[in-house]
Amino acid sequence: MNDYETLLKKYYREYLNREPDLDGFRYYLSLLKSGDVDEKTLQNKFINSPEYKINQLTLHYKQIPRIKIEKNGKTFFVDSSNNASFWAQLQVGVWEPETFKIFDIFLDKNHSYIDLGAWIGPTVLYGCQNAKFCYAVEPDPVAFKYLKKNIDLNHQLHSSIKLSNQCITDFSGTTYLTTRSKEGGDSTSSIIFEKSATAWKVKGITFHQFILDNSIRDCNFVKMDIEGGEFLVLPTMQEFLEKEKPTIHLSLHPPLIKNPYDSLKRIYKIITKYNFVYDNKLKILEKEFILREDNYDKFYDIVVTDRNIYSNSMH
């Protein structure tokens, strides 16, 4: 009698470096017992799993001073002392492959783009190679330190990026950025959380002022992932959006706010001025999608644009 349970636990510990999760364990156990897979095939499944590859890559990254990332024909370097596991996820293709596809479709060498919520730079280092120029904004001081470190490792891209640690909000002046973690830098700090002991005092600036200060006249794409801050900031951008009509790659965070309907209604008013809304897999959505109550408890991305990516004249 084969002891499949012991074998399976061994594979989990040996290849994934953890105890089995119940669903996965039951699934693989049923495959073994039914004879749908043999031991060797299952072993190969573990070795070829994204999780195993990420673990191996993370160990490798931690042993080298800088990491070379190669993504869809673009190359950049990042610092290995921070977020090695994240960079491994990106390299293996687990982290937001849809985002890179959106950047490939909508960014071009004749226009700049604005990256609000640049974090430690994955979208900046990729996007600046598609666009003419990238204005990258990250107010979290811990994330900004790593962002700057990562940009510094890419001299060939310096002329295409301008960094800002200002906080885009609905007024210009001192504001507070609160993180939900002890140290910050984990991409979840926000201007909408109540000020706490882990809040940073940061320089707040309106989007309008940011455009003026940087003399931006050629922006056709705005990526906004600011942890609920979009509900404050986007309504203040109306004049710019109506005049310039940039594509907006917008991350929505309804669970982080108290009255999602009112806030989403303001966002809805803005997106009705555009021709198309896509989800992050570039499927066309009804604009009313964002007002649906069953989406209030979800984080999700949308692309708001005047471009019909499926028309025959477009590639």
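**Exercise 1. The seven-stranded sheet**

Task: Give the strand order of the open sheet of 7 strands, and state which strands are at its edges.

Solution. In this predicted model, the order of the open 7-stranded sheet is β5-β4-β3-β9-β10-β12-β11, and the pairing is mixed. Its edge strands are β5 (161-164) and β11 (276-279), each of which pairs on one side only. From one strand to the next, the twist averages 15°.

Take one pair inside this sheet. Strand β3 (residues 112-116) and strand β9 (residues 219-224) run parallel and are joined by 5 bridges. Within this pair, Asp115 stands opposite Lys223 in β9.

Next, add the helix. Helix α6 (residues 97-106) packs on the sheet and touches β3, β9, β10 (247-252) and β12 (300-305). The direction of α6 makes about 170° with that of β9.

**Exercise 2. The three-stranded sheet**

Task: In the sheet with the order β6-β8-β7, find which strands stand at the edges and what that leaves open.

Solution. The sheet is open, has 3 strands and shows mixed pairing. β6 (167-169) and β7 each have a single partner strand, so one side of each lacks a neighbour in the sheet. Neighbouring strands are turned by 55° against each other on average, direction ignored.

Now look at the β7 and β8 pair. These strands pair in the antiparallel sense over 6 bridges. One position to check is Tyr176, whose bridge partner in β8 is Lys201. Tyr176 also has a charge over its ring: Lys195 lies over the face, at 4.2 Å from the ring centre. A further case of this arrangement is Lys145, which lies over the face of Tyr146 at 5.2 Å from the ring centre.

**Exercise 3. Two residues, Val202 and Ser187**

Task: Place Val202 and Ser187 in the structure, and decide whether each is buried, partly exposed or exposed.

Solution. Start with Val202, in strand β8. Its relative accessibility is 9%, which is under the 20% cut-off, so Val202 counts as buried. Leaving aside residues up to four places away in sequence, Val202 touches Pro139, Cys167, Gly173, Thr174, Thr175 and Leu177. For one of these, Leu177, the C-alpha atom is 6.8 Å from that of Val202, although the two are 25 residues apart along the chain.

Turn to Ser187, in the loop between β7 (173-178) and β8 (199-206). Its relative accessible area is 33%, so Ser187 is partly exposed. With the same sequence neighbours left out, Ser187 touches Trp119 and Glu227. Ser187 and Val142 are 45 residues apart in sequence, and their C-alpha atoms are 9.8 Å apart in space.

**Exercise 4. The β1 and β2 hairpin**

Task: Describe how β1 and β2 are joined, and why β2 is called largely enclosed.

Solution. β1 and β2 run antiparallel and are joined by 6 bridges. Arg66 stands opposite Asp79 in β2. The two strands form a hairpin with 2 residues between them, and Asn72 in the turn has a positive phi of about 50°. In strand β2 (residues 74-79), 5 of the 6 residues are buried, so the strand is largely enclosed by the rest of the structure.

**Exercise 5. Helix α4**

Task: Check the span of helix α4 (residues 50-62), then list what covers its buried residues.

Solution. The helix has 13 residues, and at 1.5 Å a residue it should span 18 Å. The end C-alpha atoms of α4 are 18 Å apart, which agrees. Buried residues in α4 are Tyr52, Ile54, Thr58 and Tyr61. Their cover includes α1 (4-16), α3 (39-47), β1 (66-71) and α5 (84-92). Tyr52 also belongs to a cluster linked by ring pairs, together with Tyr11, Tyr12, Tyr15, Tyr27, Tyr28 and Phe46.

**Exercise 6. An aromatic pair**

Task: Classify the pair formed by Phe207 and Phe240, and say which helices it links.

Solution. A ring pair is described by the distance of the centres and the angle of the planes. The structure holds 21 aromatic pairs. For Phe207 and Phe240 the centres are 5.1 Å apart and the planes make 70°, so the pair is edge-to-face, the class for angles over 60 degrees. Phe207 is in helix α9 (residues 207-213) and Phe240 in helix α11 (residues 238-244), 33 residues apart, and the pair thus links distant parts of the chain. Phe207 counts as buried at 1% relative accessibility, and Phe240 counts as buried at 14%.

Technical notes
Residues numbered from 1 in each chain as written. Predicted model: local features only at pLDDT ≥ 70, side-chain atom pairs only at ≥ 80, totals over all residues. Heavy atoms only, no water. Helix = DSSP H or I, 4+ residues; strand = E, 2+ residues; numbered from the N terminus. Buried < 20%, exposed > 50% of the residue type's maximum accessible area, 1.4 Å probe, protein only. Contact = heavy atoms within 4.5 Å. Phe/Tyr/Trp six-rings, centres within 6.5 Å; stacked < 30°, edge-to-face > 60°. Lys NZ or Arg CZ within 6 Å of the ring centre and 35° of its normal. Expected span 1.5 Å × (residues − 1). Pairing = 2+ DSSP bridges. Axes fitted to C-alpha atoms, helices over the stretch in contact; angles between N-to-C directions.
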